[in-house]
Every structure is written in structure tokens, then in C-alpha cells.
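Work through the exercises below with the structure open. Each one sets a task and then solves it step by step.

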Amino acid sequence: MSIFARGAFVMVISAVSAGTAGAADLTIGLGGAVSAMDPHYHNVATNNMVNRHIFGRLVDQDAKQTLMPDLAESWKAIDDTTWEFKLRRGVKFHDGSDFDAKDVVATLKRIPSVVNAPSSFRIFTGQITETVVVDSHTIRLKTATPFPLMPVFMAGFAIISDEFETATTDDFNSGKAAIGTGAYKLKQYVRGDRIELTRYDGYAGTKPAWENVTIKQVTNPAARVAALLSGDVQIIDQVPTADLERLKKDKKIGVSSVVSNRVIYLSMDTNRDQSPFVTAKDGKPLAKNPLKDVRVRKAMSMAINRPAIVDRVMEKQAIPAAQFLPETFFGTSKNLKVEKFDAEGARKLLAEAGYKDGFAITLHSPNDRYPNDEKIAQAVAQMLSRIGIQTKVEAIPFATYSPRATKLEFSFMLWGWGSGTGEVSSPLRSLVATYDREKGNGPSNRGRYSNPKVDELLATALRTVDDAARAKLLAEASEAAIFDVAVIPLHYNINNWATRAGFSYEPRTDESTLAMGVKAAKR
Amino acid sequence: MTVTTPDRVPAVEAEAAAPAVVSPLRRFWIDFRDSKVAVAGLAGCILIVALALLAPFISPQNPYDLAQLDIMDGRLEPGAAGMDGTIFWLGTDDQGRDMLSGILYGIRISLAVGVASGVLAMAFGASMGLLAAYFGGRVDTLIMRVVDLQLSFPAILLALILVAVLGQGIDKIIIALVAVQWAYYARTIRGTALVERRKEYIEAARCLALGDARVVFRHLLPNCLPPLIVVGTVQVAHAIALEATLSFLGIGLPITEPSLGLLIANGFEYMLSGKYWISFFPGVALLLTIVSINLVGDQLRDVLNPRLQK
Amino acid sequence: MTVFLIRRLMQAVVVLFAMSLIVFVGVYAIGNPIDILISPEADQLERERAIHALGLDLPLWEQYFVFLQRALTGDLGRSFAFGAPALQIIVERMPATLELAVAAMGISILVGIPLGMWAGFRPESFGGRAIMAGSILGFSLPTFWVGLMLIMVFAVHLGWLPSTGRGETVEVLGLQLSIFTWNGWTHLLLPAFNLALFKMALVIRLTRAGMRENLLMDYVKFARAKGLSPGRVIFVHVLKNIMIPVVTILGLELGSVIAFAVVTETIFSWPGMGKLIIDSINQLDRPVIVAYLLITVSMFIFINFVVDILYSVLDPRVRLKEMKS
């Protein structure tokens with residue numbers, strides 16, 4: 001028995017040392033969790049970033065979320081309701097089969113057929129009423145109404161080989177169906193632990209630097225930093241702001257940052273006459289909901305010292321926000337400025353609105369969702385308390401925060417919004433458009449804010465195919481919403497990646513961590 | 001997570017143990033002060049309780065009043081001066097909360113949570129365990145299967161359900177901790193009581209046709225008490241640590257009213273960046289509290305254990 | 001004995017029912033899983049479709065009924081988050097956790113018993129006191145804090161051991177095990193020690209208490225009077241007697257180590273069951289939570305069953321027939 005065991009031991013050791021990491025290998029410490037290898041199963045950021053290694057898309061987004069050709073060489077709107085995509089020739093899947101229009105058709109068919117998807121990719125394809133294959137490398141997508149966002153939406157999902165149109169999620173997880181056109185082939189997916197990838201030599205794009213890539217899930221932030229410091233991984237994402245200062249000083253570590261597409265904002269119940277968590281200071285109900293008064297909302301916005309939050313709570317890893325997206329993104333307004341901190345003015349405005357003595361409110365916040373979420377909430381509460389709005393903070397796990405917020409149980413909430421499309425129509429439509437189930441407007445409008453002017457400008461923008469005209473309309477809609485304090489924007493997060501010396505990462509606004517973007521640093 | 005009685009010992013009747021001349025209480029104290037360390041532990045306990053009770057009067061700041069905090073004073077080193085010139089002797093946390101005040105108030109909350117949940121869990125758990133052992137049969141079956149159920153139910157899920165249904169608060173955390181801990185007491189005391197109830201004095205009490213309640217609480221319970229007290233002291237300490245863990249997982253106390261555990265959990269993320277004081281000082285306070293309680297508990301066990309009587 | 005066994009089995013079934021019911025109601029009380037799983041960009045209709053797809057639009061009792069029907073055929077449902085059978089997901093994670101649990105138990109026994117014996121043998125000595133003081137630390141330091149300290153010291157500063165994750169695995173009897181590789185051991189050591197700390201303190205205290213009691217007992221005096229060497233008395237006679245409670249209680253502890261090594265597995269990114277249950281709870285992945293708790297409750301029932309039998313073996317005054325449970 002013991003001899004046998006020892007024999008096995010020696011064998012294993014030799015096997016391990018034979019397989020040790022070479023120079024061209026990379027290990028990534030990922031902050032998020034990956035739920036499946038099926039690219040059409042769960043529309044969630046971590047899954048999408050991992051499947052971008054394996055699968056191509058019709059349209060790609062670069063590090064700043066500008067659209068780039070990928071499997072589609074070019075695209076144009078040939079009339080108001082038809083988009084034409086010219087497909088790239090000579091692209092091969094990992095199994096050697098050719099990519100052409102039938103693979104796109106198969107993908108479009110498969111997406112709605114993944115039945116138990118908890119978050120379907122149908123949101124990117126639902127607008128398509130008809131798919132016309134013009135030739136093997138030209139495809140036309142028709143919609144019922146003008147749809148300017150078509151190219152952006154085509155960047156939302158992965159293209160699979162038509163051979164696997166009916167493959168199950170299990171087939172993708174086992175690797176059998178995980179055959180794409182991406183830069184990497186799936187070697188192994190160990191659920192809840194890691195994903196192993198190997199370079200695909202037939203890749204049509206730029207050859208990535210790393211031959212073998214392991215993506216390890218290290219969801220605990222402190223453990224992730226420790227893994228980087230000890231050299232177990234070469235790059236980590238979602239670097240905790242508390243550790244950045246130290247990491248930046250460390251000569252063995254490099255940090256790369258970029259402002260993200262995610263705004264952290266406060267949402268208020270502006271709809272109900274009696275809001276559950278707004279009372280007089282003695283706990284008695286108020287005659288009316290003060291949050292319905294734009295002067296109160298404005299006063300709250302003025303009372304918040306955004307630079308202080310950015311400096312002290314976010315440790316400079318954020319930028320004070322004036323609107324829904326940083327000014328460099330499509331459709332943002334050039335006229336909106338960050339609300340100036342003015343406690344005195346806020347107090348006056350509050351008195352003018354009839355709340356000289358203030359009122360009491362509870363700010364609900366998740367405590368495991370956004371960087372420093374519960375700390376931001378406390379800082380906001382400090383500042384509001386100083387102008388007489390007695391603010392309590394209840395910070396709870398997202399697992400119960402989100403469902404309760406959706407049931408409209410809260411009055412005053414802290415949220416974050418990242419624009420996957422990289423343009424301002426996404427937050428406008430989801431957060432401030434009047435809640436309308438049929439039109440799909442305002443699904444995340446949990447304060448039930450409603451402003452006909454915003455609705456109208458947005459609706460026109462969403463029908464306008466001309467980019468310049470659309471950008472102008474979206475900017476006007478943003479201005480209308482912000483002037484009315486539909487929400488209180490606090491700051492835009494800065495995305496950080498930390499790498500070991502000798503590695504560098506091109507930071508991405510969309511928070512994705514891609515092995516293709518990791519380079520061997522020139523020293 | 002479990003603490004089980006280290007020694008299941010049948011206690012002799014209290015009168016039999018005590019020499020005739022000295023009252024049991026005095027005799028107990030003589031035995032107790034035998035160990036200098038235990039006396040020091042007792043002094044520590046008294047000091048900590050005093051600090052907890054006096055916290056509102058001796059703290060430089062009310063750390064629970066957000067209007068008194070300023071994030072511009074955040075993460076100051078020990079001994080640094082704030083914007084208005086106040087000196088923060090133990091530094092500040094990320095919200096500009098004075099750590100000294102935070103710790104004093106934190107001891108209050110931690111002790112309240114630990115003691116309240118410990119006492120309630122012990123009272124409920126011990127009653128259940130006694131009933132199960134004494135009556136046997138269906139009562140025993142029912143109680144012990146509920147214990148099985150409880151022991152395999154994760155504290156985290158229970159706490160999350162309570163937060164979702166009842167909201168956040170100290171009382172909710174106490175409920176959660178009682179729900180988690182009572183089963184340990186029940187199982188511990190049932191084991192002891194099963195042995196005890198076969199003994200002659202219980203048979204005798206029954207023969208005298210004493211009521212069930214009287215037999216259980218006047219005769220059976222006192223004889224099961226020594227191990228229970230020991231488990232109790234350890235368990236109070238454990239409840240404080242468990243509360244810290246729940247807070248670390250984000251389902252503990254309200255973030256604006258931190259206990260020692262929550263202070264440690266909050267400071268935890270600054271450990272790697274060298275801002276040690278945010279979690280170090282509350283850690284020391286927690287440690288001293290728990291060590292004091294345990295020193296007393298250890299000595300209690302030795303004193304109350306008749307087999308170790310000299 | 002057979003009657004006892006059958007009765008216990010029937011009770012176990014009732015407990016399993018109760019557990020599944022509690023989880024259904026509990027998760028329902030926390031919230032709708034779709035609100036966590038779905039993309040924020042999804043519109044209202046898409047949300048409704050997803051709710052329907054997962055069967056969450058049915059009344060709760062109907063959802064439970066569907067679950068029961070499937071459960072009777074051995075199908076505990078598919079994970080909302082992973083889309084794979086819940087049972088399969090749990091079984092995948094089991095070897096990692098079992099390894100960790102066994103290693104932690106091993107460490108706590110190998111370190112705890114000698115230390116406890118020393119502390120019991122020389123309770124007044126400096127060593128004895130130091131051991132007891134150390135064991136208090138084991139009880140009182142929060143696990144997450146110790147875990148990070150271990151990583152800081154041994155992985156970051158000294159660089160002796162890896163900080164996170166599980167090492168190389170090899171297939172042994174169809175299981176992916178890492179304890180047969182050197183790399184696997186280096187990964188296992190820190191989390192196992194972290195997990196063992198609490199148990200070690202427990203073992204030290206139990207052993208010390210047992211040691212002190214037994215040393216005063218008549219059989220020890222007789223053995224010494226007979227002229228047996230002190231070493232033989234302690235390591236053969238006394239050790240045998242103190243092992244009984246230690247083994248019993250550690251058996252009970254094993255259950256909680258396997259089921260709820262949540263904090264350790266989170267800090268060390270150990271891909272085991274504890275990490276699975278916390279992730280599942282955070283995503284309200286009900287099928288996984290239900291299946292997981294059904295497995296753990298079965299395990300606890302089994303362990304308690306064994307303990308009850310042990311009690312009756314160790315102490316003949318406690319009779320199974322009388323316990324009727």
C-alpha cells in the first residue's frame with residue numbers, strides 16, 4: 001500500500017513539473033464569478049468577458065467601447081428599417097470549419113431558444129423581425145421601426161458555429177460545443193474555480209502574447225490582492241481602492257486605470273405621495289412626500305460634497321459626476337456641470353420648499369455590489385444630516401436589496417449603472433424614462449420618475465438613425481432629466497487593474513479583463 | 001462553530017460538597033481566588049462591563065451620530081488631529097469615526113449581543129434539552145430532530161432571511177444568534193441529563209410523587225449545571241466572534257452602529273494597505289474581552305467540577 | 001436495534017421534508033432570484049419571460065409541489081445560475097471540501113492532543129498556562145482575520161506557500177484529489193490550518209480536562225502502585241480514556257466543518273462546498289441551496305445517529321430502546 005502510494009506520488013510530481021508554467025503563460029485573478037461557458041445562457045459581464053476569448057462577435061468594441069469590425073467587416077443602414085452586414089471572409093472556427101452567414105442565422109435562432117436562461121441575450125436580438133441572407137457573406141437584418149442601435153447591439157453576443165445550434169449549455173461547459181472563432185480555445189472549464197485557455201493559431205486577428213491562459217476566480221478582494229502580491233496571478237481586476245496607494249508604490253506591481261462607463265447615483269421616490277422611508281424627524285408621517293418637490297431634490301444634490309467623497313471614500317478612484325456617463329461618451333451633454341457643493345444654499349432651498357427643520361429619511365444601499373457602496377452611503381448620510389435631513393443608512397446584501405427595490409419598498413437608494421452599449425440612451429431609457437411595461441421603458445426606474453419632456457426627446461432619439469442628430473437629442477434629454485434632478489449622480493468609477501512587473505494591461509471602460517489586452521511590458 | 005461541554009460530570013449535591021462551617025458561596029470564592037490569573041480575568045470582565053456601561057459618558061464622540069462625523073477626518077493615524085483640532089488617540093476609520101469612541105461603544109454592542117444571545121440561547125436550549133431527556137419518547141424525538149434541522153441550517157442563510165423579513169438591527173442579530181446556538185446547548189445538556197435521570201436521586205424524587213416540573217428544574221437542572229456554565233462562557237465569546245463573522249459577510253449589524261466585530265470587518269480591507277489601526281485596536285479590545293471571559297469560565301469549570309476538588 | 005433504525009429513517013424523511021419546505025419559504029422571503037441574475041439592461045417583458053422560464057411565476061406551493069414530484073424521482077432541479085443539475089454541482093465540489101475537512105481535523109488532532117496532554121499533565125507550569133492561553137486565541141480570533149494574516153505572512157511576506165486556490169489534482173477512484181500532489185499540499189496547508197484553529201483549541205481543552213480528571217482517578221493510582229512506568233500509564237491507559245469524548249465531539253464537529261467552511265473557503269478561494277453555498281445564497285440560487293441543505297441535514301442526522309449509538313456503547317445506562325429516537 002505504502003509503496004504503491006509513494007509510486008503514485010512520484011509519478012504525479014514529475015507530471016506536475018513537466019506541466020509547469022512557461023514564459024508565455026498568463027494567470028488572471030478575476031473578481032467576478034463565471035456561471036457557464038454557453039455564450040447565450042447568462043447575459044452577465046463576467047460571462048461575456050470570458051467568452052470573448054473563445055468566440056467572435058459581428059461587431060467588436062475596443063477599450064473605449066468604440067465599435068470595431070470583427071466578424072462583420074462593415075455595416076450600413078440601407079433604409080430606415082434594414083441594416084446590412086458584410087461578413088469577413090476566410091475566418092475559420094477552432095474546429096476548422098468556415099464562418100459564413102449560416103452561422104449568424106444559427107446564432108440568431110439559438111439565442112431565444114435557450115429556455116432556462118436566467119438573463120437571455122434576446123434583449124440584443126428581439127428587435128429583428130426578419131433575417132435575409134443575401135449571399136454567403138452578406139446578411140440583412142430588418143426591424144419594425146427605425147433602429148439606430150443595431151450595430152451596438154450586434155456587439156452584445158457571441159457567434160457560434162451552426163453545427164451547435166441545438167447544443168445544450170452542458171455541451172458548452174464540457175467544451176464539446178465551445179468552438180468559436182476567438183483568439184483562444186477552451187481547454188477546460190472547472191465550475192466555480194477556473195477556466196483554462198490555449199491560443200488558437202488560426203485566429204484571424206492580432207496574435208495574443210500568451211500561449212496558455214488560466215482565468216482564476218478570486219472573488220474575495222483581499223485574497224485577490226494577496227494572490228497578486230505573492231505572484232500566484234499576474235493580473236487582477238477590481239482592485240480594492242484601499243490597496244491602490246500601496247500597490248502603486250510597490251515596484252513589483254503596475255496599475256492601469258481608466259474612467260468607466262459606470263455612474264454611481266442616488267435614486268429617489270418621486271412618485272408616491274407617501275413614501276415608506278420618509279417621515280418627520282419625530283417619526284410621524286409627513287403631509288406630502290418632500291421628494292416630489294424638485295427644490296428638495298436640488299437641495300439634496302447641493303448638500304453633497306462630491307469631491308470629498310471622491311477624495312476620501314473612493315481614494316481618488318472616481319470622478320465627480322454631472323450626468324449619466326462621462327463626457328467622452330456618445331450622447332452626453334457638454335452643458336452639464338458637476339453640482340457645486342453649497343450647504344448654505346441647500347439649507348435655504350430646503351427652507352423655501354417648506355422644510356426648514358428638515359425631515360428624516362432612510363438611504364438604502366447594497367453592501368457587496370459597487371466599490372465602497374456602503375461607505376458612500378454613509379458619507380452621503382453625513383452630508384445630508386448636516387443640512388437637517390436626518391439620514392439613516394441601511395446597507396444590506398444585494399441578494400435582498402435588489403428584489404426589495406424592485407418591489408418599490410424603498411424611498412431613497414444608492415445604485416450604479418454601467419452602459420454596456422457605451423451610449424447615453426441606455427441609462428436614459430432604463431433609469432429615468434416613465435415606467436412602461438409595453439414599451440420596455442424605465443425597467444430600472446425604481447423611483448418611478450416621470451417627465452414627459454424626457455420621454456419625448458428619448459423616443460425621438462431612439463428613432464433617429466443619423467448619429468449627429470441622435471447625439472444632440474440624447475444630450476437634450478440628459479439635460480432635461482438632470483435639471484429636474486431625476487436622479488442625483490455622484491461619481492463615475494475608475495476601473496483599475498494591477499499587474500506584476502513585466503506585464504501591462506490596456507484598461508477598458510467596460511470593466512472587462514481580456515488576456516488579449518495583457519502585454520509583456522517593455523522594460 | 002460548536003462548543004460542546006468538555007466534561008460531562010455528574011455533580012454531587014451542593015450541600016455534600018461544602019464543609020459545614022463555610023457557606024457555599026464563600027467556599028466558592030476561596031476556591032476561585034486560588035488562581036491569580038482567574039482573578040485578573042474577573043477584574044478584566046468588571047472593567048470591560050464598566051467601560052461598556054459608561055461609554056456614552058466617557059467617549060470623546062458619539063460614533064453613531066453621523067452628523068458628528070466628517071469624512072474629511074477619515075483614516076487618520078493614531079494621535080493625529082482632526083480638522084477642528086480634536087486629537088484622535090487611536091486614529092479614525094474611513095468615515096472619520098474616532099476609533100476610541102467606536103471601540104467603547106462597540107464593546108457595549110458586542111457584549112450586549114454576546115450576553116443576550118448567550119443567555120437566551122442557553123435558557124431555551126437547556127430547557128429543550130432537559131425536556132427531551134426527561135420525557136424521552138416523542139418529545140425527545142421531536143426536539144432532537146428540530147436540533148438536527150437547526151444544526152444543518154447555515155447561520156448565514158438564517159441571518160439573511162431575518163434581514164430580509166425583519167430588517168437590520170441588534171435585536172434581529174440576537175434572534176439569529178439564539179436560533180443558531182440553542183441547538184448546541186440542547187444537545188449538550190440532553191447528553192448529560194440522559195445519564196443523570198437514571199440516577200437514584202431522580203428515581204427517589206419521582207417516587208416521592210413530585211411534579212415533573214419540580215423534578216426537572218429543581219433536581220435535574222442543578223446537576224446538569226456545571227458543564228452548562230462552562231459552555232456558556234465559551235459560547236458568549238463565540239457569539240461575539242460569530243457576530244463579527246456575520247458582519248464580515250455583510251449581514252450583521254447596521255453599518256452605522258458598529259460593534260467590535262464590525263469595526264474589525266470594516267478595517268479588514270485596510271490591513272494590506274498598512275492602515276492597521278482601523279482593525280487592530282478593535283481586535284485587541286475584542287481579544288481582551290474574550291480572554292477575560294474565558295479565564296473566568298476556565299476557573300469556574302475547575303471550581304465547579306467536584307472531581308477536581310482538593 | 002432494527003426498530004430503532006427504521007424509526008430513525010422515517011424521522012429522517014420527515015426532517016428532509018421540513019428542510020426543503022423551510023428553504024422554499026425562506027428564499028421566497030428574501031426575494032426573487034431573477035432580480036439578481038438578470039442583466040440590468042433587460043426590459044420588463046424579458047424579466048417576465050425569465051421568471052416564467054424558471055417557473056418562478058407559479059404560486060409558491062405549486063413551485064414546491066413541482067420540486068417534490070421531481071425530487072421523488074431523484075431530480076433536485078437545475079441551478080438557476082449555472083444551468084446544470086444542482087446535485088452534480090455539489091458533487092463536483094465535494095472532494096475539495098472533504099480534503100480540507102480531513103486535513104483540518106488531522107491537524108487539530110495531531111497538534112491538539114499532545115498540547116492538551118501537556119497542559120493537563122502540568123497545569124500549573126508556564127507551558128501549560130501558555131497552551132491554555134493560546135487555545136483561547138483559537139476560540140476568539142475571527143476566522144476571516146486569521147485567514148488573511150496567514151496569507152500575509154506565509155504567502156506574501158515569506159512566499160513559502162501559495163495564497164489562494166486549489167493545487168494540481170489527480171484522479172483517484174474517479175475523484176479529483178489534490179492531496180496526492182506536492183503542489184496540492186502546498187495549497188491545502190494554509191486553509192486547513194485556518195479551519196483547524198478552532199477545532200484545535202477545542203481538542204486542547206477537552207484533552208486537558210480529561211487528563212486532569214483521569215490523573216486523579218483510582219485506576220491511575222492503582223496502575224502506578226502496580227509499578228507501571230508513568231509513560232505507559234499516560235500514553236496507554238489515560239490516553240485511551242480521554243480519546244472517547246474527544247472522538248465523539250470531533251465527529252459532531254466534522255459535520256459543521258464539511259458543511260460550513262464558508263469563511264475559510266471564501267478567503268482562500270477554495271473551490272469547495274462552503275464557497276458554493278455562500279455564492280448560491282448570494283444569488284438566491286434556490287435549487288442549489290435546497291439540494292445542499294438536504295445533503296447536509298442527511299449528514300447531520302447520520303452523525304447524530306452514530307453518536308447516539310456511541311453513547312449507548314460508552315455508557316450502558318443510556319439505552320437505545322428508551323431513547324426511542
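**Exercise 1.** How many residues does the contact take from chain B and from chain C?

Solution. The model is predicted, so local features need pLDDT (the predictor's confidence in each residue, from 0 to 100) of at least 70 and side-chain atom pairs count only at pLDDT 80 or more, while totals for chains, interfaces and linings use all residues. Residues are numbered from 1 along each chain as its sequence is written, chains are lettered from A and ligands numbered from 1 in the order in which they are written, and side-chain values use heavy atoms, with hydrogens and water left out.

- Step 1. Contact means heavy atoms within 4.5 Å. Chain B brings 59 residues to the contact and chain C brings 61 residues.
- Step 2. Buried area is the accessible area (1.4 Å probe) that two parts lose on being put together, summed over both. Between chain B and chain C the buried area is about 5500 Å², and carbon and sulfur atoms give 69% of it.
- Step 3. Of the area that chain B buries against chain C, 11% is supplied by B:R145, B:L149 and B:S152, more than by any other three residues.
- Step 4. A salt bridge is a side-chain nitrogen of Lys or Arg within 4 Å of a carboxyl oxygen of Asp or Glu. The rule finds 0 salt bridges across the interface of chain B and chain C.

**Exercise 2.** Find which parts of the model the salt bridge of A:E245 and B:K275 joins, and do the same for A:K375 and B:E269.

Solution.

- Step 1. Over all chains the count is 45 salt bridges. In one of them the side chains of A:E245 and B:K275 meet at 3.8 Å, N to O.
- Step 2. This pair joins two chains, because A:E245 lies in helix α8 of chain A and B:K275 in the loop between α10 (260-268) and α11 (277-304) of chain B. Helices (H or I, at least four residues) and strands (E, at least two) are DSSP runs, numbered from the N terminus.
- Step 3. Buried means under 20% relative accessible area, exposed over 50%, partly exposed in between (1.4 Å probe, protein chains only). A:E245 is partly exposed at 41%, and B:K275 is buried at 13%.
- Step 4. The side chains of A:K375 and B:E269 form a salt bridge at 2.9 Å, N to O. A:K375 lies in helix α12 (residues 373-386) of chain A and B:E269 in the loop between α10 and α11 of chain B, so this pair also joins two chains.
- Step 5. A:K375 is buried at 5%, whereas B:E269 is partly exposed at 27%.

**Exercise 3.** Which residues of helix α8 of chain A are buried, and what covers them?

Solution.

- Step 1. In α8 (residues 241-249) the buried residues are A:T241, A:A242, A:D243, A:L244 and A:L247.
- Step 2. Their cover includes α7 (221-229), β12 (253-268), α10 (306-313) and β18 (487-500) of chain A.

**Exercise 4.** Describe the largest nonpolar core.

Solution.

- Step 1. A nonpolar core is a set of buried Ala, Val, Leu, Ile, Met, Phe, Trp, Tyr and Cys residues joined through side-chain atoms within 4.5 Å. The largest has 344 residues, and A:M154, A:V432 and C:F144 have the most contacts inside it.
- Step 2. Helix α9 (residues 212-248) of chain B gives the most to this core, with 15 residues.
- Step 3. Leaving aside neighbours within four places in sequence, A:M154 is in contact with residues including A:F85, A:F124 and A:L141.
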